[in-house]
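Dear colleague,

I am passing on the structure below, together with an account of what was found in it. Please read the notes with the coordinates open beside them.

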Amino acid sequence: MSGSRSPHPHHRNQQARCAVAKPVKQAVKVKVLQPRRSSILTPLLSLALLMAMSSTVVLGAWLAVMLIVNPGSVSGLAWLLPEWNRTPLSRYQSIAEIRQEAQSLGLTVGTTIPIAAHVSGDRDELLIPILKSSEEMVELRVYRPHSNNQSQLELIDRLNVTGPQEIFVLAPLSQTPSTSGGTARSLPVSQVSVLNDSGAPGVWLSLRGEWARGSTRTSYGLIVRYDLNQHRLQTLLPWTSPNGEDPKWQQVTGNFTPELVVNQTVGLSPNFKFYQPIATGRPIDPMKLVAIALDPPALQQSRFVNGLRLAQQGLWTPALQLLEAAKQRGDWSTVAQAQLDVVKFHAAITKAQADRDWANPTEAIAANLLDGRWSRSLQLLQSAVASGAELQDLLGNVDRLANRIDTALSLNPAQVDLQALGTLAQFVQHGREPALRWLTTRNRNVATLVANRSIDPRLQAVLDLLNRPLLVADHTSRIVGTAVPIRPQANDWLWPRSPDLPPNQTWYRIRVSDFFDGRSWRRSSADLNLAAIGQAQQLWSALGLTSDSTIQLIRWDANSQPQSIEAVIKATQVQNGQVSLLAAVADPSPVVDAPAVASASPILALTTATVQWITPTQQSLSDLSRQQPAWTELMLPTLQAALPNITLVSTPSESILQGAENLAVQLQELTGNQQLDAIVTLPHRSGRSETRSPTVIFSDQGRLIYSELGQNAGQSLAAIANLGDGKTALLVERNQAYSLQLWSPERDRFE
């Protein structure tokens, strides 16, 4: 029915079952909603939140700016700031108050620098350094006087000062042997000065300190710029100058603005650093100093690249020549011009130094080497060495010189003057053998040229210089050899200078058996380790022939009397390890000059200081048997084998030697044990044609230690000699040649 309420779901099933049930009527209430009135609170809250966020951003930006520009003014954050930054910049103080405040912190106020004295316009700022001590600046401040009271100063900027590291300061002195490389510690600066005539905006300052150790001193510091527009101090770069010069502004490249020039020269080698002021357009660092570097090259043209290679080794004039030649090709740039101007600046200095008249030959040679005047340097070097100067002193910094020569040779390998100078530099650095190897790698034909006597005179002169220290031998010539007359050919011999074969002289080849090299005696057949170049000078020095090249030629006549003449050694020779000498005699003795035959002794060759002859104490064998019967009895088996007729008869009172009572015995200490040894000279044996009687030597224990019997029958004791060093030697002749035999305690024999 219409208007009646729908049956409850619970009753629907009942309706289905009981269709006769009547529905119940209910009234329906309808509630009409009215539109809600809008509230003003929501937009107000949104606006407040937006304003709070904007204020936070603005406040953060303001704090950031103030922390950069005026950190001390942010008093609420003072606990975060260093002690000297806690004072607001807006506070005014008098000079006295500034000093008092600094003093309370253990600091002092330095000399005030008015900026108005160094810039145009109406400026009234003051620069005031703050020092921890008289030698250490810790801060640099800028103050501005109050407009109404000039005695009241407002701090507008401050800069904490930390000096450059010691390792940076000492870098230009790294080539000086007495100076170490330094440490990473910061060195203090103590002075501040204004660098005028910059041409770049702002006030440029040099903060300076000094390092000293012994006689070595160097100045160093910092370059600081004060920006007149932003009223800010800015540290740009550290500097160091071994000669004590402050940096200065100088027109070098021809730009509108001069370059900042730092002099790092040590000695005669110029070394300047050049910096160009460049505006960056950034507010934090509006200006920077950019170095004019020689690497990388502005152009890849080969002449330009090679020129800068020479410049980097300090060869400024040869470098300038290559750069100017490269410029003629037309491919050029402002950076290339700047690099050329830097090279030109240095080359002007080296040229002026090379043109000077130097009283000191070392400085003259160094100046010419730095300017690349190789031929002139070599001439000066040879002249100075000829006057007695030391080669090492004349060449100065050999390491740097060797690098320069190697670089120059890489561009011009065939330049003989460079080869010559490089050889001398290697000789001073590493010695003779490495120097000669270095030369042969640069000039592979040098050994052949020397052998053919066709070497370039400049290289020959250098080889002479190379050998000169060897010619100044510190030992006297002591040589033992055997001489035979010859007809020499000049090309067969090594001449210390030019060949010299004057006529009307008799010539001898002296086969050297032993010589003293200044430290010890040695066999001439031993490995002498001679270089391929300059063997004549090496042998001449090793044999000690520099001060005295005379030698005695000695031969024993038929009566066993020595006959001698004096000869002069002219040249040397090495064949299969055997050293020989060429000696000349002007007026030979008939006895010495007689042809060597089987019955004649060979010619002994001895330099004057070689030996001192020893004459042992002599007595008969019979006397020795009475004095030393036990010793004589120990010798008897050997003597009886040589002389069968010898017998030893013992009596109650003495032992009597029969058959050789008058046999000569000499007593001499030979083995270094301070005990006498017995030298027994035996009579000639029948049927033999010895020129000398055979000799046997017994030790103090009766043991045979030398014999000319049996397998040694071909040798003969010519003399006993004192070698001058506490040693006694036997001069022995064997196979028509003489040699020395010394006692060897290790082998228990003469050898």
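Relative accessible area is used here in three classes, with buried meaning under 20%, exposed meaning over 50%, and partly exposed covering what falls in between. By that scale K351, at 45% relative accessibility, counts as partly exposed. Please keep in mind throughout that this is a predicted model.

I begin with K351, since several findings meet there. The side chain of K351 meets that of D355 in a salt bridge, with 3.0 Å from N to O, and D355, with a relative accessible area of 43%, is likewise classed as partly exposed. Because the two residues are four apart in helix 7, which covers residues 334-355, about one helical turn separates D355 from K351. The pair also belongs to a network of salt bridges in which K351, D355, D371 and R373 are linked.

The structure holds 16 salt bridges, and two others deserve a description. E166 forms one with R185, where the closest N and O atoms are 3.3 Å apart. Since E166 lies in helix 4 (residues 166-169) and R185 in the loop between helix 4 and strand 7 (191-194), this pair ties together parts that are 19 residues apart in sequence. The two partners differ in their surroundings, because E166 has 3% relative accessibility and therefore counts as buried, whereas R185, at 46%, counts as partly exposed. In the other case, the side chains of D285 and R282 meet at 3.0 Å, N to O; here D285 is partly exposed at 26% relative accessibility, and R282 is partly exposed at 43%.

Turning to the interior, the largest nonpolar core has 60 residues, and those touching the most other members are F274, V343, L381, L391 and L395. Helix 12, which spans residues 416-430, gives the most to this core, contributing eight residues. For L395, when residues up to four places away in sequence are not counted, the residues touched are L381, L401, L424, A425 and V428. Apart from this core lies another, made up of 28 residues, with I115, V161, W211 and L233 among them. As general background, nonpolar side chains in soluble globular proteins tend to be buried together.

L205 may be a useful place to centre the view when you look at strand 8, the strand of residues 203-213 in which L205 is placed. Its relative accessible area is 0%, so L205 is buried. Leaving aside neighbours within four places in sequence, L205 is in contact with L127, L140, V192, S193, V194, L195, L222, I223, V224 and L233. As a further distance to check, the C-alpha atoms of L205 and T235 are separated by 9.4 Å, the two residues being 30 apart along the chain.

Which aromatic residues pair with one another, and how are their rings arranged? The structure holds six aromatic pairs. W204 and W249 form one that is edge-to-face, with 5.1 Å from centre to centre and 75 degrees between the planes. Because W204 lies in strand 8 and W249 in strand 11 (residues 248-250), the pair ties together parts that are 45 residues apart in sequence. W204 counts as buried at 1% relative accessibility, and W249 is buried as well, with a relative accessible area of 10%. W743 and F750 form another edge-to-face pair, at 5.1 Å centre to centre and with 70 degrees between the planes; W743 counts as buried at 15% relative accessibility, as does F750 at 9%. In addition, F272, F274 and F345 form one aromatic cluster, and F274 is also one of the residues named above for touching the most other members of the largest nonpolar core.

Finally, there are two places where an arginine is found over an aromatic ring. The charged end of R356 sits over the ring of W358, 3.8 Å from its centre, while R478 lies over the face of F516, at 4.9 Å from the ring centre.

With best wishes

Technical notes: Residues are numbered from 1 along each chain as its sequence is written. This is a predicted model: local features need pLDDT of at least 70, side-chain atom pairs count only at pLDDT 80 or more; totals for chains, interfaces and linings use all residues. Side-chain values use heavy atoms; hydrogens and water are left out. A nonpolar core is a set of buried Ala, Val, Leu, Ile, Met, Phe, Trp, Tyr and Cys residues joined through side-chain atoms within 4.5 Å. Buried means under 20% relative accessible area, exposed over 50%, partly exposed in between (1.4 Å probe, protein chains only). Contact means heavy atoms within 4.5 Å. A salt bridge is a side-chain nitrogen of Lys or Arg within 4 Å of a carboxyl oxygen of Asp or Glu. Rings of Phe, Tyr and Trp (its six-membered ring) pair if their centres lie within 6.5 Å; planes under 30 degrees apart count as stacked, over 60 as edge-to-face and the rest as tilted. A charge sits over a ring if NZ of Lys or CZ of Arg is within 6 Å of the ring centre and within 35 degrees of the ring normal.
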